[in-house]
Amino acid sequence: RETAIWAHLVHDNIVTLYGTTEGFGKTTALVSRWFPHGTLFRLIKEQGTTLTIESKLKLVIYTFHSFPVVHGDITSSNVLVDLKDGEYKACITDFGLSNVLCGHLEDCLIEGSTVRPGASRWTAPELLKPHDPSSDIKPDIKPTTQNDMYSFGRVMFHV
């Protein structure tokens, strides 16, 4: 599912998925470009660097307007940083918890999933509601772009 979603997401602020490979462990490995500057989290922690307003706005445009996809795990560790022309450019990665809002991405049917919140520090509070395991009734919580917006706000607060 992650590969099917990620392969359709082409944008300057999304890490490009080149393909998959085997032999690096028990599961299939996803192949993307190497980012020598690492994650936004690392850049902030080690260098105290922040993104420009322009870079932040480009991330907003991707996150909420380009695709019918809920990322589901937007954190500063899932934003890779590229240094281009002396400025940092942020790129979203890790679409393992993503969901396609309408079930189709272009002409491809994408299997849905249940809500599995990512890192709780970045997750919208409504996705963290406890579920009573003794109850047969499961809460009908669906991921939304608003949940991603909350997580994005947490990332921007971090930077």
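**Exercise 1. Overall layout**

Which pattern does the protein follow, read along the sequence? Add the number of helices and strands, and the confidence of the model.

Solution.
- The pattern is α-β-β-α-α-β-β-β-β-β-β-α.
- This corresponds to four helices and eight strands.
- The model is a predicted one. Its mean pLDDT is 75, and 70% of the residues reach 70 or more.
- Confidence varies by element: strand E1 (residues 17-21) has the highest mean pLDDT, 91, and strand E7 (residues 104-105) the lowest, 48. Where pLDDT is low, the predicted coordinates should not be read in detail.
- Of the 159 residues, 38% are buried.
- Of the contacts between residues at least 6 apart in sequence, 68% join residues at least 24 apart.

**Exercise 2. The largest nonpolar core**

Identify the residues of the largest nonpolar core that touch the most other members, and the elements that supply this core.

Solution.
- The core has 26 residues, and those that touch the most other members are Trp6, Leu9, Ile14, Val15, Leu40, Phe95 and Val155.
- At least two residues of this core come from each of helix H1 (2-8), helix H2 (40-47), strand E4 (79-84), strand E5 (87-92) and helix H4 (145-158).
- E5 makes the biggest contribution to this core, giving four residues, the most of any element.
- H4 has 14 residues and spans 20 Å from its first C-alpha to its last, close to the 20 Å expected at 1.5 Å a residue.
- The buried residues of H4 are Asn147, Asp148, Ser151, Phe152, Val155 and Met156.

**Exercise 3. The hairpin of E4 and E5**

Describe how E4 and E5 pair, and place Glu87 relative to that pairing.

Solution.
- E4 and E5 run antiparallel and are joined by six bridges.
- Asp82 has Lys89 of E5 as its bridge partner.
- Two residues lie between the strands of this hairpin, where Asp85 takes a positive phi near 55°.
- Glu87 belongs to strand E5. Its relative accessibility is 41%, so Glu87 counts as partly exposed.
- Beyond its neighbours within four places in sequence, Glu87 is in contact with Thr52 and Asp82.
- Glu87 and Ser55 are 32 residues apart in sequence, with 8.9 Å between their C-alpha atoms.

**Exercise 4. The salt bridges**

How many salt bridges does the structure hold? For each, give the partners, their places in the chain and their exposure.

Solution.
- There are two salt bridges.
- One of them joins the side chains of Asp82 and Arg33, at 3.0 Å from N to O. This pair links distant parts of the chain: Asp82 is in strand E4, and Arg33 is in the loop between strand E2 (29-32) and H2, 49 residues apart.
- Asp82 is at 13% relative accessibility and therefore counts as buried, the cut-off being under 20%. Arg33, at 33%, counts as partly exposed.
- The side chains of Glu46 and Arg42 also meet in a salt bridge, at 3.2 Å from N to O. Both residues lie in helix H2, four residues apart, which is about one turn of the helix.
- Glu46 counts as exposed because its relative accessibility is 55%, the cut-off being over 50%. Arg42, at 36%, counts as partly exposed.

**Exercise 5. Two loop residues**

Are Thr93 and Ser76 buried or exposed? List their contacts beyond neighbours within four places in sequence.

Solution.
- Thr93 lies in the loop between E5 and strand E6 (99-100). At 11% relative accessibility, Thr93 is classed as buried.
- Beyond those neighbours, Thr93 is in contact with Trp6, Val15, His71, Asn78 and Leu80. Trp6 and Val15 are among the core residues that touch the most other members.
- Ser76 is in the loop between strand E3 (69-70) and E4. Its relative accessibility is 0%, so Ser76 counts as buried.
- Beyond those neighbours, the contacts of Ser76 are with Thr39, Leu40, Phe41, Trp122, Val155 and His158.
- Ser76 and Thr39 are 37 residues apart along the chain, and their C-alpha atoms are separated by 6.8 Å.
- Leu40 and Val155, both in contact with Ser76, are also among the core residues that touch the most other members.

Terms used. Residues numbered from 1 in each chain as written. Predicted model: local features only at pLDDT ≥ 70, side-chain atom pairs only at ≥ 80, totals over all residues. Heavy atoms only, no water. Core = buried A, V, L, I, M, F, W, Y, C linked by side-chain atoms within 4.5 Å. Buried < 20%, exposed > 50% of the residue type's maximum accessible area, 1.4 Å probe, protein only. Pairing = 2+ DSSP bridges. Expected span 1.5 Å × (residues − 1). Contact = heavy atoms within 4.5 Å. pLDDT = per-residue confidence, 0-100. Salt bridge = Lys/Arg side-chain N within 4 Å of Asp/Glu carboxyl O.
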